[in-house]
Amino acid sequence: MAMAPPRASSLPVFSRRGPFHIRRATPLGSVLLRRHLSTGVDEGGGLGSSSKRRARGPVMAAKKAAEGGKQEEGKYKHTVDLPKTTFGLRANSVVREPEIQKLWEENQVLKRVVEKNTGGSFVLHDGPPYANGNLHMGHALNKILKDIINRYKLLQNYKVSFIPGWDCHGLPIELKVLQSIDKDARKELTPLKLREKAAKFAKETVNIQMKSFKRYGVWADWDNPYLTLAPEYEAAQIEVFGQMAMRGYIYRGRKPVHWSPSSRTALAEAELEYPEGHVSKSIYAIFKIVSPPPASNGLLEEFFPDICLAIWTTTPWTIPANAAVAVNSGLEYVVAELHASVEDTLATSGGKQIKRGNALKVGENKLFVIVASELVSRLESKWGVKLSIRKTFPGSALENCRYTHPVNGNECPVVLGGDYITTESGTGLVHTAPGHGQEDYVTGLKYGLPIISPVDDEGKFTEEARKFSGLDVLGAGNSAVVDHLDKHLSLLVEEPYKHKYPYDWRTKKPTIFRATEQWFASVDGFRQAAMDAIGKVNWIPPQAENRIIAMTCSRSDWCISRQRTWGVPIPVFYHVHTKEPLMTEETIEHIRNIVADKGTDAWWYLPTEELLPQKYHDVASDYQKGTDTMDVWFDSGSSWAAVLTKNEGLSFPADIYLEGTDQHRGWFQSSLLTSIATTGKAPYSSVITHGFVLDEKGLKMSKSLGNVVDPDIVINGGKNTKDEPGYGADVLRLWVSSVDYSGDVLIGPQVLRQMSDMYRKLRGTLRFLLSNLHDWKPEYALLYKDLPKIDKYALFQLENVVNSIKDSYENYQFYKIFQMIQRFAVVDLSNFYFDVAKDRLYVGGTVSFTRRSCQTVLAAHLLSIVRVIAPILPHMAEDVWQNLPFEYVMEDGLVPKFVFELKWPSLKGDWLAMEADDVDFWNTILELRSEVNKVLENARIGKLIGSSLEAKVILHAADGATLTKLREMCSATNDADALHRIFITSQVETVNSLSDEFLSTVPYTGKYTSQRTSEVWVGVTHADGAKCERCWNYSPQVGSFVDHPTLCARCYGVVDVQPLPAAAGVC
């Protein structure tokens, strides 16, 4: 339905009442200008058509004369309004961007903008990167995304507070320190000296990383970052720990945890990685049954003494710690007689070498094995044997059956496990070692099984493992256990098994599950509250919610203690004799106060007496300090408490957390758990996640592949500037805006060249706008109601684009903004509006209505585009603003000195109120123009014309209404709306009919058809009249003016009233 015509605006399009604003309008696709031609840089620094048909006569002639050409060719050059600007086409970003950043810093622009903004607060809480080494492209993606959001919110009048943070504790930094000193010096290294060196290293790294972040153009409170090593931060962390402890969520227990022998410490799930290609030594083994289930009614008696339980494991080294075999009560099991084949000891299956154990060798005794019935045929193939089923029964019937331990000879029970026992692999029976597996541990608690873990901190068997003592469990110890089983006829098959296995993410070496005394956070105590809170958070993209739910609902208790020196100590004391821990609200508060004043080093240098409250001084000698430190994820997971609740201008919960998708098991989760446990609510309202950065082929970056893209080299250039040019930060930021970060993103030399080309073209668009406003003042702006139709249509398009871009900013879909800017500002504007506008801008007359009307529209475009690109390309936007050729006054009367002192374009309702029929007709004109261009190109190829200005276009429409509208545009009183200006030809005529005789006089024709207009016939002939020396249009009026015989009527009118200024020049 057509919109009602708006009331005529009484305000200029470009007024002092303020910037433009927008509302939702029609879909962008229906209003974007149609693409006609490729773009290129024209003589004015803007983007223009590269087609040979385009007319550039007056500009080229004036330019040639200004450069010393023949005077005859530039006779009227002084009457041509050439573009002028100090805004260079070449950005020279490597030099110019640091100058702009210095300008911001010296003038404290961020502080100025925040203080002037009157809206509410906006807090994007920074997830702390690790202070260990230089930044990589993932850091750049992350921080630039945050900066785009913060800068957009500044333009939306929010008081933005962004405090950058760094994670400064933990093993990697400790290892860096140890690697930096020789062996002898390590022996002399006390905990305090190590901590001193670690702190120094972390702070130096923070400064290096901060410098890089600043170079990316990231705005933040760089003078007041938060560091997890700062005393005030550590104190807040201990406070969170204390609150959780007092609520009963912190406990000490002996449980299996991920243990890194290479780092000699417990690890959290977030500190693990699962590289491809790990191969374990897997075995099928048998444990001999010695007694049937107590109430089995002779279930297995007929098979004694030759009946065994068959198990499968990928960790043979855990067999010495075996305490039971678990079955699934819901599965069906069988007793199968094993008929061994006389095959080679070594065989191959599926490309893998399989070693058959001695238990499969043919002997006189029969062998019966218990396995899940579903797996019989698969095991026959795997073992190379025949299995004859002799009896079938449910798993529940096996409970409390007993077998002989294959290493120590003890009797062990069969127990009922959980749903983790399946028939996807193995035998359906699970070797259970509660000291080496979480599920085994839970089953062990149910049955009171012993928690055996005969492995030390280095991953070697202890004396408890008897004959295996001192052997590395992941090496010689593993093989020794297999050999022992084989020697004692307990090994059926040994084969390599390729699967995902947990590695220490720092040392890149395998980990083990090992039961040790550790401190835990009982997630079960607040799991449901965490799950409820997850549902109230806005997750972007939405599927991220499923990921955090899966990781939270299934996670075990959180092991928060680490056996390292560089970290925040767990504030606990142990009785010297009983080893009982002392940790009360009073002791924790006392330590918190000490840490706030002196830092956590005090834990190491103060005596126990001073660390304990006054009431314990008399018994201080009975206690000793604990040596465990907190998991670094507890460090960073407490940032909401240390930063959001302790700093003025911030708020809890934060509006947004934004990090990589791996943080669902890291910072997102640790922050959620600590916050829920102590406050009952999530620390964030929205969570945005991004993928990983890969190379152009979709491969993970690595030095060995030589495909690492260094953000600093992208910005500043490498040693070989030809192969590694310096693109500047804005090109890198443009890339960030171009990718759909909800998945993994690609970058490489070709991608960067594409971004650089896009950046250059956008800069050309802005240069065109600036250069054609060199003599503009806001008071020259025309009223909207007085604008030509083409200018109203251009403003309609602009308002729709700005509106769509705002929606995309609000939804954090920056790649859509990139696409819109590319289509509208780079392609569509230059291919149509700029192309058509050049005639009236250059030769229409300095103060003519049509030129001032066009400048009114150009100013509106400049002031809108510079703001919508500013969050993504702040350096370019600021460069534009510093080269603004006129003074812009905001509605509050202030003159913004910097681009971010502006606000987002405000709503211009009149611009969107264009009649629907008029919008449709302009869409038709643009489509018709495309067909006209095709016919003009054929005429050029056929040598009828050189440029399009040598042509006359003839139109005929079968539809009467369409023909009437076309005829009105041919004779438009407003020159800007005339069809020959829109087609960039010298004349356009319409005819009522097409006779054969007439058609024979038109050498080049074409047809345009649409549902709106039916068919429009297009013809092209040579233009009538002679060529105007000034504008190069053809006109019968050339020669009619005695004092200017080479000019057309329009140019005569301009020249006759225009004074003779000094020749204009192109800057």
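## A covered strand and its partners

Let's start with strand E31, residues 654-660, which is mostly covered, with six of its seven residues buried. Keep in mind that this is a predicted model.

E31 has a partner in strand E3 (residues 121-125), and the two run parallel, joined by two bridges. Here His125 sits opposite Tyr657 of E31. Strand E32 (residues 684-690) also runs parallel to E31, this time with six bridges. One pair to look for is Ala654, whose bridge partner in E32 is Tyr684.

## The loop between E5 and H6

Next up is a loop with two residues to look at. His169 sits between strand E5 (165-166) and helix H6 (171-179), and Asp167 is found in that E5-H6 loop too. His169 has a relative accessibility of 0%, so it counts as buried. Asp167 comes in at 7% relative accessible area, which is under the 20% cut-off, so it is buried as well.

The His169 side chain makes a polar contact with the side chain of Asp635 at 2.8 Å, and another with the side chain of Glu234 at 3.3 Å. Setting aside neighbours within four places in sequence, His169 is in contact with Tyr130, Thr228, Leu229, Glu234, Trp566, Gly567, Val568, Val632 and Asp635. For Asp167, leaving out residues up to four places away in sequence, the list reads Pro128, Pro129, Tyr130, Ala131, Thr228, Val632, Asp635 and Ser636. Tyr130, Thr228, Val632 and Asp635 turn up in both lists.

## Cavities

The structure holds eight cavities of 30 Å³ or more. The second largest has a volume of about 100 Å³. It is lined by 15 residues, and those closest to its centre are Gly170, Leu171, Arg562, Arg564 and Val632. Val632 is also a contact of His169 and is touched by Asp167.

Which elements give two or more residues to this lining? They are strand E8 (265-267) and strand E30 (629-630). E8 gives the most, with three residues. By type, the lining of the second largest cavity divides into six nonpolar, four polar and five charged residues.

## Arg215 and helix H22

Arg215 lies in helix H8, which covers residues 191-215. With a relative accessibility of 9%, Arg215 counts as buried, since the cut-off is 20%. Not counting residues up to four places away in sequence, Arg215 touches Ser93, Val94, Glu97, Pro98, Gln101, Ile715, Asn716, Gly728 and Ala729.

The contact with Ala729 spans a long stretch of sequence: the two residues are 514 residues apart along the chain, yet their C-alpha atoms are separated by 6.9 Å. Ala729 belongs to helix H22 (residues 729-738), where ten of the ten residues are buried, so this helix is largely enclosed by the rest of the structure. Charged residues are on the buried list too, among them Asp730 and Arg733.

## A hairpin further along

Finally, take a look at strands E37 and E38. E37 (residues 1004-1010) and E38 (residues 1014-1022) run antiparallel and are joined by seven bridges. Together they form a hairpin, with three residues between them. To find your way in, start from Tyr1004, whose bridge partner in E38 is Val1020.

Conventions
Residues numbered from 1 in each chain as written. Predicted model: local features only at pLDDT ≥ 70, side-chain atom pairs only at ≥ 80, totals over all residues. Heavy atoms only, no water. Helix = DSSP H or I, 4+ residues; strand = E, 2+ residues; numbered from the N terminus. Buried < 20%, exposed > 50% of the residue type's maximum accessible area, 1.4 Å probe, protein only. Polar contact = N/O pair within 3.5 Å; in protein donor to acceptor, adjacent residues only side chain to side chain. Contact = heavy atoms within 4.5 Å. Pairing = 2+ DSSP bridges. 1 Å grid on protein atoms, 1.4 Å probe; cavity = no way out; pocket = protein on both sides within 12 Å on 5 of 7 lines; lining within 4 Å. Points joined across faces, edges and corners; volume = space filled by probe spheres on them.
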